[in-house]
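Let's take a friendly walk through this chain together. Have the sequence and the structure open as you read.

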Amino acid sequence: MPNIIKPHELPKWVPGKLLSTSDNLGWNGIAQRSYRYQGQDVPIPPIDHYMIVRYSKGHTPMQRCFDGRWSKKVCSSGDLSLLTSMNDSHWHWTEEIDVDHVYLSNDLMSRVAGDALDRPIEEVFLHDLLQMQDPVLLSIVDAIHAEAHDSGLGGALYAESLGMQLAVHLLRHYANVTFKDRDSLGGLTPAQKRRLVEYIHANIQHTIRMDDLADVVGLGVWTFSRKFADSFDCSPHAYVTSLRVDKARQMLQEGVLAIKEIAFDCGFSDQAHLTRVLRSKLGVTPGQLRRSGPTHKK
């Protein structure tokens, strides 16, 4: 079986005409793509997102093999299919159809499930549904498609809020959830800690998001934040900030670059941001650190 693929790689396996996409809209945790497909018989590798298919135009017999079982339905405009993440499938249809795909990340589904159920999530598994009708689900999917087609003010925020509504609806009606033992989370492994530290040092001048750090060690955000706190005795944000402060202090004492350049190289938004953080963490300004030279110990 091929490696797990991402939503934008699906056309390699299911060729079709791309009608719309959210790829360049800055959405987080949710994506949208629409396609026009001719009849096909296609095995699809596991996708690293949950997929909701909305049939928007056309009418075709549809067969799908999932988990070793074939389902046979007739799918028409207004119908929906669900496909859980990380599982391969095989699809067969004979007529031309237009479809809208909405993809939800594992992190989003796990985070919403964890928040709603107040427990650490092991896995969210969508029901095997090839053909279904649900007016609520349909309206959310259509709103996401409309935003991808014609994005408006606050588009990313709006799309991500729709993604959370979609996740909650799926969790209420079409999902099974398994839980982790709260006491068995433990900390990060030495290799995971090493990869994290290397990643942070290599990207210290850029924005570092929780999602980025969780991806480095292959964990969901909920699990990662708790494992990180157990391993480093602080939050990821506090740890990154401490490394930025240490780097800024060293560079200021070396006295080579201008303060505004140091602020940029250390990942602060500007010189004023650097000044506020140094005052808060060290009780000094960048100018005072510069004048102190390498002997400053605060």
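## Helix 7 and its surroundings

Which residues of helix 7 are buried? They are Pro236, Tyr239, Val240, Thr241, Leu243, Arg244, Val245, Ala248, Met251, Leu252 and Gln253. Please keep in mind that this is a predicted model. The buried residues of helix 7 pack against six helices by name: helix 4, helix 5, helix 6, helix 8 (259-265), helix 9 and helix 10 (286-292).

Helix 7 has 19 residues, and its first and last C-alpha atoms are 27 Å apart, close to the 27 Å expected at 1.5 Å a residue. After helix 7 comes Gly255, with a positive phi near 70°.

## Where helix 7 meets helix 9

Two packed helices are described by the angle between their axes and the distance between the axes. For helix 7 (residues 236-254) and helix 9 (residues 271-282), the angle is about 100° and the axes are 11 Å apart. Angles of 65 to 115 degrees count as roughly perpendicular, and helix 7 and helix 9 are therefore roughly perpendicular to each other.

On the helix 7 side, the contact is made by Thr241, Val245, Ala248, Arg249 and Leu252. Helix 9 brings Leu274, Val277, Leu278, Lys281 and Leu282. Sorted by class, this contact has seven nonpolar, one polar and two charged residues. If you trace the helix 7 residues on your screen, one general point may help: an α-helix has 3.6 residues a turn, so residues three or four places apart point the same way.

Lys281 deserves its own look. This residue is found in helix 9 and counts as exposed because its relative accessibility is 55%, over the 50% cut-off. Leaving aside neighbours within four places in sequence, Lys281 is in contact with Thr241 and Val245, and both of these helix 7 residues are buried. Lys281 and Met109 lie 36 Å apart in space, C-alpha to C-alpha, and 172 residues apart in sequence.

## Helix 6, largely enclosed

Helix 6 has twelve residues and reaches 16 Å from its first C-alpha to its last, close to the 16 Å expected at 1.5 Å a residue. Nine of those twelve residues are buried, so helix 6 is largely enclosed by the rest of the structure. The buried ones are Val221, Trp222, Thr223, Phe224, Ser225, Lys227, Phe228, Ser231 and Phe232. They pack against helix 1, helix 4 (190-202), helix 5 (210-216) and helix 7.

## Two residues with positive phi

Most residues other than glycine have a negative phi, and most peptide bonds are trans. Asp233 is not a glycine, yet its phi is positive, about 60°. You will find Asp233 just after helix 6, in the loop between helix 6 (221-232) and helix 7. Asp233 counts as exposed because its relative accessibility is 71%.

Met86, also not a glycine, has a positive phi of about 65°. Its place is in the loop between strand 6 and strand 7 (89-93). With 39% relative accessibility, Met86 counts as partly exposed.

## The nonpolar cores

The largest nonpolar core has 31 residues, and those with the most contacts inside it are Ile52, Leu104, Met109, Leu166 and Leu170. At least two residues of this core come from each of strand 4 (49-66), strand 6 (80-83), strand 8 (97-105), helix 1 (106-117), strand 9 (121-126), helix 2 (135-149) and helix 3 (155-173). Helix 2 gives the most, with seven residues. A second, separate core has 22 residues, including Leu10, Met51, Ile97 and Leu130.

Leu104 is a handy place to centre your view. Not counting residues up to four places away in sequence, Leu104 touches Gly29, Ile30, His49, Tyr50, Ile52, Met109, Gly163, Leu166, Ala167 and Leu170. Among these partners, Gly163, Leu166, Ala167 and Leu170 are buried residues of helix 3. The 19 residues of helix 3 should span 27 Å at 1.5 Å a residue, which agrees with the 27 Å between its end C-alpha atoms.

## The chain as a whole

Now zoom out. The chain has ten helices and eleven strands, and its C-alpha trace spans about 75 × 45 × 35 Å along the principal axes. Of its 298 residues, 47% count as buried. Among contacts between residues at least 6 apart in sequence, 73% join residues at least 24 apart.

How values were computed. Residues numbered from 1 in each chain as written. Predicted model: local features only at pLDDT ≥ 70, side-chain atom pairs only at ≥ 80, totals over all residues. Heavy atoms only, no water. Core = buried A, V, L, I, M, F, W, Y, C linked by side-chain atoms within 4.5 Å. Buried < 20%, exposed > 50% of the residue type's maximum accessible area, 1.4 Å probe, protein only. Helix = DSSP H or I, 4+ residues; strand = E, 2+ residues; numbered from the N terminus. Contact = heavy atoms within 4.5 Å. Expected span 1.5 Å × (residues − 1). Axes fitted to C-alpha atoms, helices over the stretch in contact; angles between N-to-C directions. Parallel < 35°, antiparallel > 145°, perpendicular 65-115°, else oblique. Nonpolar A, V, L, I, M, F, W, Y, C, P; charged D, E, K, R; others polar.
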